[in-house]
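Biologist: I'm new to this structure and would like a close look at a single part, the empty space inside, if there is any. Could you then carry on from there to whatever else helps me get my bearings?

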Amino acid sequence: MLFNARHLSLALAMATGVKATCPNIALTQPYYPATANCVEYKIPVSAISENGVFPLPKWEDDYALVDFFAVASTRAGANYPGFGNKTVVENATYEIAASFCSPKKINGKETTVILATHGIGQGRSHWNSPYKPEEYNFVQFAIAQGYSVFFYDRLGSGESQKVSGFTNQINKQVAILQELAVLVRRGRGKYTNGLYPKKLALMGFSFGSYTTHAAIVARPDIADAVILTAVGFNATGLNINGLIRSFVPRIASLQNPLRFGALDTGYLSWADKFVQINTYFKYPFYDAPTADFAEAKKEAFGIGEFLTFAAPASVSAANFTGAALHITGVTDYIVCDGYCPGIWDEPAKTHYKNAKLTQYLHPGSSHNINFHHNATGAYKVITDFLAASRL
């Protein structure tokens, strides 16, 4: 009998416990590691979330937007009206674009899947950089250590479904992540290229870390570990009014009609690359062309996301008893107001008092550790943490 590629695939599946599948979805991402088997999915995710109803003006130009933020960031003593506490429960199904990569060379760790959620202003390529992947690509690094990675475009970003930027917010993102965690872990290989995961680690960056934190607070059983990058829970470090001003938000569709012209005016972006450098990078620990790449690949974000991103920061994850890693740059501008030592450890330790918690401040880095010079040093901390946690 002729032993062809199909037979080889079946034989490997029998030997490794991996179900053979033949995905027929065309790859759209510009880069995947040569050492990985990668597939893409469009996943219908049904999610129930209780969302804030914000009385936001529907601005049509940046003049009105600027005035909104000037009022929103005015000191509390001015007694300006807030956004209220009205909420609505929504039950909806969203189409989420995702990638799954597993190592071609297996060593037993491939059944531990890292489910990665990106932040505000990025897409899933945050984890899978086509630019200098040997220096900045987390997926490639994790694959080299034997781990599999599932990463996706959040609702409203990249190739995932778009909703109004005025209503897109963290509670929707949390509900979607919770359902994705179930689909990945218990989906019998449907969204993991036939691989049956044995362990699941949820990982986030910035907004994605607060999303991950909120997801594990509400459902502590959905993952074995959480990895929160570019995260902080101390209110002193999370200077929200300062962040609003330093982000210098602009209407995304007016800033870049070619990329964002189909989005409503509730989707925003920062004004230019120097705003991103100010909030995400630290001189001299990055290269200018790297910052240019990050700026060229930035994604728009919803005003609802921007206003709700830090809402979970005060909530305890005391019911989570798995392994947890918190990591950010020593000079994180966004979560530590520029310098983390002395304010960063708490209340994170209290929030995760029943978890096996590891905390690490990465030298030579601000908020976006993935695109500083020693990004792979941070990646090693992450994969070493997984190994030490027997994952």
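Modeller: A quick word on classes: Ala, Val, Leu, Ile, Met, Phe, Trp, Tyr, Cys and Pro count as nonpolar, Asp, Glu, Lys and Arg as charged, and the others, Gly among them, as polar. Keep in mind, too, that what you see is a predicted model.

With that in hand, go to the second largest cavity, with about 60 Å³ of space. Around this cavity you'll find Ile120, Ser206, Phe207, Leu243, Phe247, Tyr280, Phe306, Phe309, Ile334 and His367. Sorted by class, that lining gives 8 nonpolar residues, 2 polar ones and no charged ones. The polar pair is Ser206 and His367.

The structure has 2 cavities of 30 Å³ or more, and the largest holds about 110 Å³. Its lining is made up of Gly121, Gln122, Gly123, Ser125, His126, Gln276, Phe293, Ala294, Lys297, Lys298, Asn368 and Phe371. Here the split is 3 nonpolar, 7 polar and 2 charged residues. Lys297 and Lys298 are the charged ones.

Now for a strand. S3 runs over residues 112-117, and 6 of its 6 residues are buried, so the rest of the structure largely encloses this strand. In a regular strand, side chains alternate between the two faces of the sheet. For S3, Thr112, Ile114 and Ala116 sit on one side, with Val113, Leu115 and Thr117 on the other, and both sets are buried. What does S3 pair with? One partner is strand S5 (residues 199-205), parallel to S3 over 6 bridges, where Thr112 stands opposite Lys199. Another is strand S4 (residues 148-152), also parallel, over 5 bridges. There, Ile114 has Val149 as its bridge partner.

A second bit of sheet is worth finding. Strands S7, S8 and S9 form an open sheet of 3 strands, in the order S7-S8-S9, with antiparallel pairing. S7 (249-251) and S9 (301-302) are at the edges with a single partner strand each, so each has one side left without a neighbour in the sheet. S8 (residues 267-270) meets S9 over 2 antiparallel bridges, and Leu268 is the residue opposite Phe301 in S9.

Next, a helix: H15 covers residues 375-388, 14 residues in total, and spans 20 Å from first C-alpha to last, close to the 20 Å expected at 1.5 Å a residue. Its buried residues are Ala375, Ala378, Tyr379, Ile382, Thr383, Phe385 and Leu386. Look down the axis of H15 and these buried residues fall within an arc of 150 degrees, so they line one face of the helix. After H15 comes Arg390, with a positive phi near 60 degrees.

Last stop: Asn91, in strand S2 (residues 87-103). Is Asn91 buried or exposed? Exposed means over 50% relative accessible area, and Asn91 has 62%, so it counts as exposed. If you want a yardstick for the fold, Asn91 and Ala215 are 124 residues apart in sequence and 17 Å apart in space, C-alpha to C-alpha.

How values were computed: Residues are numbered from 1 along each chain as its sequence is written. This is a predicted model: local features need pLDDT of at least 70, side-chain atom pairs count only at pLDDT 80 or more; totals for chains, interfaces and linings use all residues. Side-chain values use heavy atoms; hydrogens and water are left out. Buried means under 20% relative accessible area, exposed over 50%, partly exposed in between (1.4 Å probe, protein chains only). Helices (H or I, at least four residues) and strands (E, at least two) are DSSP runs, numbered from the N terminus. Two strands pair if DSSP finds at least two bridges between them. On a 1 Å grid over the protein atoms alone, a cavity is a set of points where a 1.4 Å probe fits but cannot get out, and a pocket is an open set with protein on both sides within 12 Å along at least five of seven lines; lining residues have an atom within 4 Å of a point. Grid points are joined across faces, edges and corners, and a volume is the space filled by probe spheres set on the points. The expected span of a helix is 1.5 Å times one less than its number of residues. The arc is that of the directions from the helix axis to the C-beta atoms.
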